[in-house]
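Colleague: I've got a model open and would like to learn how to read it. Could you walk me through cysteines and a helix?

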Amino acid sequence: MSAALEFACQAAGEWIRQLDIRPVGATATLPELRRSFGGPLPAHGLSAEEVVRTLARDAAVGMHGNAGGRFFAWVFGGGLESALAADWLVATWDQNAALYSASPASAVIEEIAGEWIKELLDLPRDASFAFTSGCQMAHVTGLAAARFGLLERAGWNVEDDGLFGAPAIRVLTSDQRHVTIDRAVRFLGIGRNALEMLQTDEDGRVPAAALDRALSSGSGPTVLVLNAADLNIGACDPFKELIPLAHSVGAWVHIDGAFGLFARASGTYRDRLDGVELADSWATDAHKWLNVPFDCGIAIIRDRTAHRAAMTSSASYVAPTSTARDQSDWNPEYSRRARGIPVYAALRELGRSGVEALVDRCCMHCADIIDGIGELPGAQILARPTLNQGLVRFGRPGASPEENDAFTDETIRRINETGEAFFSSTTWRNRRAMRVSVVNARTTESDVRRAIAAATSVLLRNFDESVANRPSNRDSNG
Ligand SMILES: *Cc1c(COP(=O)(O)O)cnc(C)c1O
């Protein structure tokens, strides 16, 4: 093996070994990082080994340790070793997984991985699927199929004639939806103004009455987008009630199940998602709860014909039977890496029982962190997890809500500064909060204890009064 590859392999091993001891958050500043990597375009080259050595040396301080077990920000997930190793092989094989003929084994492995995912999540076995770059592109894929299917029923072929002159499409969605829904709707030419927000109840779920009102206040082709676990508190909409209601007026129901859909693999948590299987399309991520390295999303679509019509690169919309599966018939990209191969590896490593144990463990760790930090002086639990996401807020007696917003942001910043754990912030019901997300297969009870200890050390220190006057950080959304 070349010196560059040898070095990269060794550096990767070192990175993984150090996850447990290095500070979780990146320590380098923006100017430092620009200085490390900047300068004019090199006039002459370096050896591959030198390139890789300096990259590994200079990048480490600017990388978060989210592959390790002490990272609870956004909803990131880690990388199972089988999936990581498979990902290395995918890069090494350097296949173009667009067509069966361009990479036969990639096409077949992804075909099997897709079948296994449907089985794991207990979704219709004859649904079609695509491995996309993430959940957002899975939304684009699912909603493109919805756009085709709904407009075809209205006598309009959107693939041939585009959207100019087509009947308007309504998109009903939760006020707790993820921002990627808006982007998908924009990318598809439906436009942000087509979104109609349904107000959630105190549990973060869309009530049937709200949907009923919205459905009867308009007509025409309608998409309903529901949450199979929202970003902040893991709330799942009451699918069993909502989906039949939407179907009674011919609406297409799309599910944002970026991480939450994997709760279907757990006997304990599965009932949170009862009825989700009634939907028409589902979007999820493998790079979150399944713990494959970035990036991999998954779109699953009940109406194969609509899916293929919306995505195919061939002239005919009709899927040939008994031939190989060409990914370009189902995916929004053409040339692409076989990102379904790490999914296959992860499913082989874990099996059904391993995914279930992973889900259960993450939910338990999240509850322990929320309870452990929530009982500290100055902490308040805003949302105890029903799955793997929860919220805490920090404050001081007698302070105004705005002062406590700033106090919350400052507390999160200081916890992250300890290097012992890493959390992100959010705005929930107009107030700042610390979001705790546990989706990493590497997180252990010891990591949970270290996170609680980090918060304890910060809260027991007295904050400077000026804290409350600092401007708050931007919201995070991921
Ligand atoms: C992460 C997330 C998304 C976006 O997924 P990407 O993989 O980043 O495109 C959408 N919805 C929810 C609920 C998420 O948590």
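Modeller: Sure, we'll take the cysteines, then one helix. This is a predicted model, where local features need pLDDT of at least 70, side-chain atom pairs count only at pLDDT 80 or more, and totals for chains, interfaces and linings use all residues. Numbering starts from 1 along each chain as its sequence is written, and side-chain values use heavy atoms, with hydrogens and water left out.

Colleague: How many disulfides does a search of the whole structure find?

Modeller: In general, a disulfide is a covalent bond between the sulfur atoms of two cysteines. The search uses a cut-off: a pair of cysteine sulfur atoms within 2.5 Å. Here it finds zero.

Colleague: Why is C135 not bonded to C296?

Modeller: The C296 sulfur is the closest cysteine sulfur to that of C135, but at 11 Å it's too far for a bond. C296 is in no disulfide either, its nearest cysteine sulfur being that of C135.

Colleague: Is C135 buried or exposed?

Modeller: Buried means under 20% relative accessible area, exposed over 50%, and partly exposed in between (1.4 Å probe, protein chains only). C135 has 6% relative accessibility, so it counts as buried. C296, at 1%, is buried too.

Colleague: Which residues are buried in α1?

Modeller: Helices are DSSP runs (H or I, at least four residues), numbered from the N terminus. In α1, the buried ones are A4, F7 and A12. They sit on the same side of α1, because they cover an arc of only 140 degrees around the axis, taken from the directions from the helix axis to the C-beta atoms. The face turned away from that buried side carries exposed L5, Q10 and R17.

Methods
Helix = DSSP H or I, 4+ residues; strand = E, 2+ residues; numbered from the N terminus.
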